[in-house]
Amino acid sequence: MSDNESHQDHFNFSEYLLIVLALVALTLAVNNLSSGFASPLVWGGLLVTVISFVIFFKLAKQEGKAHIINISVLKNTGFNQGLLIYTFLQFIQINLTFVIPNLTQLGLKTSALTSGMLLLGSLLSAFFGPVMGRLLDSQGFKKLFLIGNFLAMAGILLYIIFAQKLSIALIVIFHVMFMTGFSMMYNNAMTIGLQQLEVMHIAGSPYQGQSKQVVMGSQAAFIVLFIFTLLIFACVLRLIKRDKQGLVKN
């Protein structure tokens, strides 16, 4: 067959099933964390997730076959840094959409409507997206990512510090702060990453009241999310270091 002739690859159904199985198992594990790690759904789900991904990556390394994901792109350090920033931000954002409504409704005893409306700050990313993209083109990623990471870290850190004294006003301020930093990095992180390629209730005691448990559990969740902002910061510093070495396409 000549180079100009087209060919059709078969859909790799086994790899697809492994990804689905891993994600379903992970979702079940996370959704049942309130039962503790001793719960079969938690440790079993995590075990199935790990095993599924291990088998998937072994299959994805086989040559001469069509694959769902071209894992060779993971050898590109610059792409990995951008992907990690993007993934960590997504993880934090998804968790905030769960923690904040529960914290306000169950911890602060607000209405469901008020709890839901607090997440409207997430719309900032839609408004800021084009602006941040233009700033990336004109200013580069270094200042944008450093300022964005600082705002994201500060927003989550303030949640931790004031977790026992949170009010609706403070939640709005902290959420807007985080979402501003989020908007400065989220889409731009994937843009930078792709440019590197040649081709395209756990913390609460059962003896405490429900409100106290929710507040303490939320504070623990914010601590975990803050750790992810630190990981994002490490990725940003790594990207900047590679940029100084002339290894980042910007």
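This passage describes the fold, the longer features of one helix, the nonpolar cores and selected polar contacts of a predicted model.

The protein chain contains eight helices and zero strands, and, read along the sequence, its elements follow the pattern α-α-α-α-α-α-α-α. Of the 250 residues of the protein chain, 38% count as buried.

Helix H3, which spans residues 77–107 and has 31 residues, reaches 42 Å from its first C-alpha to its last, a value close to the 45 Å expected at 1.5 Å a residue. The helix is nevertheless kinked by about 25°, with the kink centred on Leu 96. At the start of H3, a side-chain oxygen of Asn 76 comes to within 3.1 Å of the backbone nitrogen of Gly 78, whereas after the helix comes Lys 109, a residue with a positive phi, near 60°.

The largest nonpolar core comprises 43 residues, of which Ile 85, Leu 96, Phe 145 and Tyr 159 touch the most other members. At least two residues of this core are supplied by each of H3, helix H5 (124–139), helix H6 (141–161), helix H7 (168–195) and helix H8 (210–244). Leu 96 thus appears both at the centre of the kink in H3 and among the core residues that touch the most other members. When neighbours within four places in sequence are left aside, Ile 85 is in contact with Phe 145, Ala 189, Ile 232, Cys 235, Val 236 and Leu 239. A second core, separate from the one just described, consists of five residues, including Leu 18, Ile 19, Ala 60 and Ile 71. In soluble globular proteins, nonpolar side chains tend to be buried together.

A search of the whole structure finds one salt bridge, which joins Asp 243 to Lys 142, with the closest N and O atoms 3.1 Å apart. As to the surroundings of the two partners, Asp 243 has a relative accessibility of 18% and therefore counts as buried, the cut-off for this class being under 20%, while Lys 142, with a relative accessible area of 33%, is partly exposed.

A polar residue is also found buried in a loop: Gln 196 lies between H7 and H8, and its relative accessible area is 6%. Apart from neighbours within four places in sequence, Gln 196 is in contact with Asn 76, Gly 78 and Phe 79, as well as with Leu 247, Val 248 and Lys 249. Two of these contact partners, Asn 76 and Gly 78, are the residues that form the side-chain to backbone approach at the start of H3.

Terms used:
Residues are numbered from 1 along each chain as its sequence is written. This is a predicted model: local features need pLDDT of at least 70, side-chain atom pairs count only at pLDDT 80 or more; totals for chains, interfaces and linings use all residues. Side-chain values use heavy atoms; hydrogens and water are left out. Helices (H or I, at least four residues) and strands (E, at least two) are DSSP runs, numbered from the N terminus. The expected span of a helix is 1.5 Å times one less than its number of residues. The bend at a residue is the angle between axes fitted to the seven residues ending there and the seven starting there. A polar contact is a pair of N or O atoms within 3.5 Å; within protein, one must be able to donate a hydrogen and the other to accept it, and residues adjacent in sequence count only if both atoms are side-chain atoms. A nonpolar core is a set of buried Ala, Val, Leu, Ile, Met, Phe, Trp, Tyr and Cys residues joined through side-chain atoms within 4.5 Å. Buried means under 20% relative accessible area, exposed over 50%, partly exposed in between (1.4 Å probe, protein chains only). Contact means heavy atoms within 4.5 Å. A salt bridge is a side-chain nitrogen of Lys or Arg within 4 Å of a carboxyl oxygen of Asp or Glu.
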